[in-house]
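Reader: I would like to go through the backbone geometry and ask for the reasoning behind each label. Please show me the model to begin.

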Amino acid sequence: MVRAGLSTERLVRAGAELADEVGFEQVTVSALARRFDVKVASLYSHLKNSQDLKTRIALLALAELADLAAEALAGRSGKDALGAFADVYRDYALAHPGRYTAARYPLDPETAAVSAGPRHAQLTRAILRGYDLPEPDQTHAVRLLGSVFHGYVSLETAGGFAHSAPDSQESWTRIVDALDSLLRNWPTR
């Protein structure tokens, strides 16, 4: 018997909220059952196991991020687009640390292919068209941007910049400026 009010979507959203509160690593079907004050077995009609829950949270996070990034990029190009895109990732990570971690959860190839993950690469490449980078340089630049954004956000959310000057926002702005300069002056072979 399915408990009234429980649905896969509701459970995934609650799991995402739980991830933001206690960390993505701590999210399990058992923890979610405690949140709803139900027995674990009552959730198995909606979720296969904790891996299924985490995969679904990852898919939710990827979709949320892609939607926010697409909205932020609309009508922008060049440095303006780069800054808006970077800010979406940083703001999302700061507001939703568990979901941000979930967006990095390893997905099987089939699930990854139908997720919002490819949209992230497409959005990044849309920004790079404004810098007129050919392939394979465009792929290198996608990887560079992802590495810089994720690395900075990971260090910032771990408190890595909390005890030194200048302010983290000032460094973030300078880094986006430096990335813009690098992309405009991409090294050629």
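Reader: Why is Asp37 called buried or exposed, whichever label applies?

Author: This is a predicted model. The relative accessibility of Asp37 is 67%, and exposed means over 50%, so Asp37 counts as exposed.

Reader: Where is Asp37 found, and what is its phi?

Author: Asp37 is found in the loop between α2 (29-36) and α3 (50-73). Its phi is near 55°, a positive value in a residue other than glycine.

Reader: What makes a positive phi worth listing?

Author: Most residues other than glycine have a negative phi.

Reader: How do you know which label, buried or exposed, fits Asp132?

Author: Asp132 has 68% relative accessibility. The cut-off for exposed is over 50%, so Asp132 counts as exposed. The phi of Asp132 is near 55°, positive in a residue other than glycine. Asp132 lies in the loop between α7 and α8.

Reader: Which residue does a cis peptide bond join to Pro136, and where is Pro136?

Author: The cis peptide bond joins Glu135 and Pro136, with omega about 0°. Pro136 has its place in the loop between α7 (117-129) and α8 (137-157).

Reader: What is the omega of the bond that joins Ala165 and Pro166?

Author: Omega is about 0° there, and the peptide bond between Ala165 and Pro166 is cis. Pro166 lies in the loop between α8 and α9 (168-184).

Reader: Why list cis bonds separately?

Author: Because most peptide bonds are trans.

Conventions: Residues are numbered from 1 along each chain as its sequence is written. This is a predicted model: local features need pLDDT of at least 70, side-chain atom pairs count only at pLDDT 80 or more; totals for chains, interfaces and linings use all residues. Side-chain values use heavy atoms; hydrogens and water are left out. Helices (H or I, at least four residues) and strands (E, at least two) are DSSP runs, numbered from the N terminus. Buried means under 20% relative accessible area, exposed over 50%, partly exposed in between (1.4 Å probe, protein chains only).
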